[in-house]
Every structure is written in structure tokens, then in C-alpha cells.
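Trainee: I should be grateful for a close look at one helix and the aromatic residues associated with it. Please take me through the reasoning step by step.

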Amino acid sequence: MQDNTIAAVFYKTQGVDPMDIFQFFLLAGGIYHVFFFFFHAMFWRFDFLNWQEELPRMSKTNRAVIQMLAVAVCVFLLITAYLSLRYPQELLTTDLGRDLLVGIALFWLARLIGEFSFKAHSDSSPAIIIVCVLGIVLYLLPASNLLFQ
């Protein structure tokens, strides 16, 4: 039986072990998530979000929800960075790893969809669109190899 996984086809045509490339993707993804952890941790200080004035105008419940979600996203980004940097082999070779990679890609897909649905009456940022697509690619490509094995 012929091996037609993305990894096998890439290896046959390019002579490079795709696992090395997928591990590089996960290293890049880990660094990417560390950067976005620090970016999101600074939301309270960013002038463009204007949280110093915007948050006090909200009800206590909405203010708490917004801030708790920001903290939860920071935790998710940090956990994702840790797993990507600490366990790339496991992410690339196990069913659980594949499912986590797909889940991370789905997170970025949801964020991309949110960019268009929740900000329907304002302009979508091209930078945010690129960031979301990059998050999808960094995790879906390594996961896709496992999907076809």
C-alpha cells in the first residue's frame, strides 16, 4: 500500500523530512503564542482599547466578564505556547496531539470569523486577519498530516 500522507509526498518530492518542518511550525507557533500572551496581558494599558475609560462605563457584570475573558485568553495562549514548545513530538505523533492541533487551529478560525461577525459595523483589521490565518496554518498543517495517516 502506498503512503500518500502529506509528509510522505513532501519527503518523496523534496527530500526533506516533513516532521522537521512540522516541528519548526510548532516552534514558531509556540513563539507566536508567547508574543500574543504578552500582547493580551497588556490590554489594560493599551490606549487604542481605551479600557481606562470604557470599562468603568460598563455594568459591573459586563466589566467583569470582559476582563475574565481577557485573562482566560492569556491563560490559553500561555498553555498553547508551553505545549507547542515542550511537546512537539507528542503533538505530531499522537491522536491526542492531533486533536489539540486541530483545536488550536479552530480557536484561530473562530477568532477570524469573529473579526467579521462581531465587528460587522466597523472595519476589519488586515493585520488581525493575517494573524488569525497564520494561527490556523501553523497548527492545521502539522495536524493535517496526522489526519491522513
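Mentor: In this predicted model, let us begin with Phe36, which is buried, since its relative accessible area is 10% and the cut-off for that class is under 20%. Phe36 is one of the buried residues of helix α2, among them also Phe22, Phe25, Tyr32, His33, Phe37 and His40. The helix itself runs over residues 18-41, 24 residues in total, and spans 34 Å from its first C-alpha to its last, close to the 34 Å expected at 1.5 Å a residue.

Phe39 lies in the same helix α2, 3 residues from Phe36, so that about one helical turn separates the two. Phe39 has a relative accessible area of 29% and is therefore partly exposed.

Now consider ring geometry. The model contains 16 aromatic pairs. In the pair formed by Phe36 and Phe39, the ring centres are 6.1 Å apart and the planes stand at 85 degrees; the pair is therefore edge-to-face, because that class requires an angle over 60 degrees. Both residues belong to one aromatic cluster, which also includes Tyr32, Phe35, Phe43, Trp44, Phe46, Phe48, Trp51, Phe76, Phe107 and Trp108.

For Phe36 and Phe39, then, the pair joins a buried residue to a partly exposed one. A second pair may be set beside it: the rings of Tyr82 and Tyr87 have centres 6.0 Å apart and planes at 80 degrees, and so are also edge-to-face. Here Tyr82 is partly exposed at 46% relative accessibility, and Tyr87 is likewise partly exposed, with a relative accessible area of 27%.

Technical notes:
Residues numbered from 1 in each chain as written. Predicted model: local features only at pLDDT ≥ 70, side-chain atom pairs only at ≥ 80, totals over all residues. Heavy atoms only, no water. Helix = DSSP H or I, 4+ residues; strand = E, 2+ residues; numbered from the N terminus. Expected span 1.5 Å × (residues − 1). Buried < 20%, exposed > 50% of the residue type's maximum accessible area, 1.4 Å probe, protein only. Phe/Tyr/Trp six-rings, centres within 6.5 Å; stacked < 30°, edge-to-face > 60°.
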